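Student: I should like to learn how to read the features of a structural model, step by step. May we begin with the terms and then turn to the case at hand?

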Amino acid sequence: MTAGIDEITQWALTLPVDQRAQVANALLASLDDPADSAEVHEAWTAEITSRVDDITSGRVKTIPHEEVKRQLAERRAARQDARQD
């Protein structure tokens with residue numbers, strides 16, 4: 001780091017936590033390209049629309065949360081059993 005960056009960093013680290021978070025968020029936001037943000041938003045909107053259409057049309061079958069938890073627990077137990085062998 002250069003002297004200026006070191007000084008800014010040291011100064012920022014003296015700030016209260018909430019103010020450091022604000023500075024960090026502002027710096028991170030400044031790295032985002034606004035054009036990219038619009039493209040990303042459009043892409044996510046298209047993806048979400050597609051997934052909702054798949055569900056409402058019946059092309060995709062949803063799995064209840066409790067069933068997913070049960071399946072994951074079974075897989076985890078099977079992996080642990082395999083490790084013990």
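Tutor: We begin with exposure: buried means under 20% relative accessible area, exposed means over 50%, and partly exposed lies in between. Lys-69, with a relative accessible area of 42%, is therefore partly exposed. Please keep in mind that this is a predicted model.

Student: What share of the 85 residues of the protein counts as buried?

Tutor: Of the 85 residues, 2% count as buried. The accessible surface comes to about 7,700 Å², and carbon and sulfur atoms account for 59% of that area.

Student: Which secondary structure elements make up the protein, and in what order do they run?

Tutor: The protein has four helices and zero strands. Read from the N terminus, the order is α-α-α-α. The radius of gyration is 24 Å, well over the 12 Å that the globule rule gives for 85 residues, so the protein is more spread out than a compact globule. Along the principal axes, the C-alpha trace spans about 55 × 45 × 25 Å.

Student: How far apart in space are Asp-53 and Gln-80, C-alpha to C-alpha?

Tutor: Their separation is 38 Å in space, against 27 residues in sequence. Asp-53 belongs to helix H3, and its relative accessibility of 38% is why Asp-53 counts as partly exposed. Another pair can be read in the same manner: Lys-61 and Leu-31 are 30 residues apart along the chain, and their C-alpha atoms are separated by 39 Å. Lys-61 sits in the loop between H3 and H4. Its relative accessible area is 75%, so Lys-61 is exposed.

Student: Let us turn to charge. How should one read a salt bridge?

Tutor: Side chains of opposite charge can pair when their charged atoms come close. The cut-off applied here is a side-chain nitrogen of Lys or Arg within 4 Å of a carboxyl oxygen of Asp or Glu.

Student: How many salt bridges does a search of the whole structure find?

Tutor: The search finds five salt bridges. One of them joins Lys-69 and Glu-66, whose closest N and O atoms are 3.4 Å apart. The two residues are three residues apart in helix H4, and so about one helical turn separates them. As for their exposure, Lys-69 is partly exposed at 42%, whereas Glu-66 is exposed, with a relative accessible area of 53%.

Student: Which residue meets Glu-67 in a salt bridge?

Tutor: The partner of Glu-67 is Arg-70, with an N to O distance of 2.4 Å. Because Glu-67 and Arg-70 are three residues apart in helix H4, about one helical turn lies between them. Glu-67 is partly exposed, with a relative accessible area of 26%, and Arg-70 is partly exposed as well, with 37%.

Student: Where does Glu-74 enter this picture, and which residues are joined into one network?

Tutor: The side chains of Arg-70 and Glu-74 meet in a salt bridge, at 2.2 Å from N to O. These two are four residues apart in helix H4, so they are separated by about one helical turn. Glu-74 is partly exposed, with a relative accessible area of 44%. Salt bridges with shared partners thus join Glu-67, Arg-70 and Glu-74 into one network.

Student: And how does one read charged patches on the surface?

Tutor: The general idea is that like charges are joined within 9 Å, among residues with over 30% relative accessible area and no salt bridge. In this model, a patch of negative charge gathers Asp-32, Asp-33, Asp-36, Glu-39 and Glu-42 on the surface. Asp-36 lies in helix H3, which covers residues 34-57. Its relative accessibility is 39%, and Asp-36 therefore counts as partly exposed.

Student: Which residues gather in a patch of positive charge?

Tutor: They are Arg-75, Arg-76, Arg-79 and Arg-83, also on the surface. Arg-76 is found in helix H4, residues 65-84. With a relative accessible area of 44%, Arg-76 is partly exposed.

Student: How far apart are the mean positions of the positive and negative charges of the protein?

Tutor: The protein has 10 positive and 16 negative charges, and their mean positions are 14 Å apart.

Terms used
Residues numbered from 1 in each chain as written. Predicted model: local features only at pLDDT ≥ 70, side-chain atom pairs only at ≥ 80, totals over all residues. Heavy atoms only, no water. Patch = residues over 30% accessible without salt bridge, like charges linked within 9 Å, V, L, I, M, F, W, Y side chains within 5 Å. Areas by Shrake-Rupley, 256 points an atom, 1.4 Å probe, with all protein chains shown as cover. Lys, Arg positive; Asp, Glu negative; His and termini not counted. Charge placed at Lys NZ, Arg CZ, Asp CG, Glu CD. Buried < 20%, exposed > 50% of the residue type's maximum accessible area, 1.4 Å probe, protein only. Rg over C-alpha atoms; globule rule 2.2 N^0.38 Å.
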